[in-house]
Amino acid sequence: MVARRDLLKRHLLLLLLLSTISYGALSLNSASAICDFSITDRNKLYNFNLASPLRKYPHGVLSEDGITNCKDIYAVMVPGILFSAYVVDKFYKVEENETVLWFQLCDVMLFNHDPPRCVDCLDCGGPSHCGMNCSALVANNKGGYPECTTIGRASSIIMNIIDKQKPHMGVIVKMSNSGQAHNCSLTVSVICNENGVQGPYALNKTGTCDYATELKHPSGCAEIANIHAKGWGWFSTFVLIILCLFGAYLLAGAVYRYFFLGIRGLEVLPNLEFWTSLPHKIQSFFASLVRRFRRPSQGHRSSYSSVNF
């Protein structure tokens, strides 16, 4: 009986491990799909992927340690293999006065140890799983009770750069939620900071149900690639303009001489004598340059006199 109970416990713990790994893989894939953003500026491509793994942050900007609690560690021994499973929380948290905000970037939140305590959380997991079906949840203290409102979902994320003059500064992640009472939103500024994670610290209310905060994170730094300019350069454009003006000059002159002066044949081209003599003039110009550079050397050689022995 005891052996069967231990075997059942091992199977349950193994199932917990596999479900945790599967959830992490699915979350990472879904986050990668909605967290890509690229912009081109001055022949440079700025590519942001907030869910891309970094050396110290394997999940990118996604919080794996909102209030990390790894106390519940289980070890399941299977013949020849040791599995270690642990459960963590996945969210960011920021408080301002009597308002508490939980959010996760590019994915849904996960609470295992200290879920939000709300009077109403029907559209984000319900009272028993409050906060686990949305990406941003805010609780306002009303009458001594926290009243929760869903303000963001991963499916509604819109990304843009913070400053168009400085594309490398970071990106803005905006998520929203349309409810029966309010249309709510959360704007998170992910500022490039290669030294580590800072924040979120402050929570600003920008509308009736609109909130904003900022986070400094290495994932906010773009991968920059140079793009070879395609099309005409400035010199090619200049030559094209000169050729167009020259063509317009010949056409206008020919029309005038043909219709108003009654000239026919090749003489209809304006300044025909000049254009026919132009090759000879160019040849004479280069010949004079050659003679000019040859004269000093010839004069130098002629300054020596022959000596008879």
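Leu 245 is exposed in this predicted model, with a relative accessible area of 56%, a value that places the residue in this class because exposed means over 50%. The residue lies in helix α2, which spans residues 234-259, and belongs to a nonpolar patch on the surface that also includes Trp 234, Phe 235, Phe 238, Val 239, Ile 241, Ile 242 and Leu 243. Together, the residues of this patch have about 890 Å² of accessible area.

**Strand pairing**

Strand β1, residues 36-41, runs antiparallel to strand β2, residues 44-49, and 6 bridges join the two. Within this pairing, Ser 38 has Asn 47 of β2 as its bridge partner. The two strands form a hairpin with 2 residues between them, and in the turn Arg 42 has a positive phi of about 55°. Strand β2 is also joined by 4 bridges to strand β14, residues 223-226, again in an antiparallel arrangement, and here the bridge partner of Leu 45 is Ala 225 of β14.

**Salt bridges**

The structure holds 3 salt bridges, which are set out below with their N to O distances.

| Basic residue | Acidic residue | N to O distance |
|---|---|---|
| Arg 42 | Asp 41 | 3.8 Å |
| Lys 93 | Glu 95 | 3.8 Å |
| Lys 142 | Glu 147 | 3.8 Å |

Arg 42, the turn residue of the hairpin with the positive phi, is exposed, with a relative accessible area of 65%, and its side chain meets that of Asp 41 in a salt bridge. In the pair formed by Lys 93 and Glu 95, Lys 93 is partly exposed at a relative accessible area of 30%, and Glu 95 is likewise partly exposed, at 47%. Glu 147, whose side chain meets that of Lys 142, counts as partly exposed because its relative accessibility of 36% falls between the limits of 20% for buried and 50% for exposed.

**The largest pocket**

The largest pocket has a volume of about 540 Å³. Its lining is made up of 23 residues, of which Glu 147, Cys 148, Thr 149, Ala 181 and His 182 are the closest to its centre. The elements that give two or more residues to this lining are β7 (136-142), β8 (145-152) and β10 (170-178), and the largest share, 4 residues, comes from β8. Glu 147 thus appears in two settings, as one of the lining residues closest to the centre of the largest pocket and as the salt-bridge partner of Lys 142.

Key
Residues are numbered from 1 along each chain as its sequence is written. This is a predicted model: local features need pLDDT of at least 70, side-chain atom pairs count only at pLDDT 80 or more; totals for chains, interfaces and linings use all residues. Side-chain values use heavy atoms; hydrogens and water are left out. Two strands pair if DSSP finds at least two bridges between them. Patches are made of residues with over 30% relative accessible area and no salt bridge: like charges are joined within 9 Å, nonpolar side chains (Val, Leu, Ile, Met, Phe, Trp, Tyr) within 5 Å. Accessible areas come from the Shrake-Rupley method with a 1.4 Å probe; for residues, only the protein chains shown count as cover. A salt bridge is a side-chain nitrogen of Lys or Arg within 4 Å of a carboxyl oxygen of Asp or Glu. Buried means under 20% relative accessible area, exposed over 50%, partly exposed in between (1.4 Å probe, protein chains only). On a 1 Å grid over the protein atoms alone, a cavity is a set of points where a 1.4 Å probe fits but cannot get out, and a pocket is an open set with protein on both sides within 12 Å along at least five of seven lines; lining residues have an atom within 4 Å of a point. Grid points are joined across faces, edges and corners, and a volume is the space filled by probe spheres set on the points.
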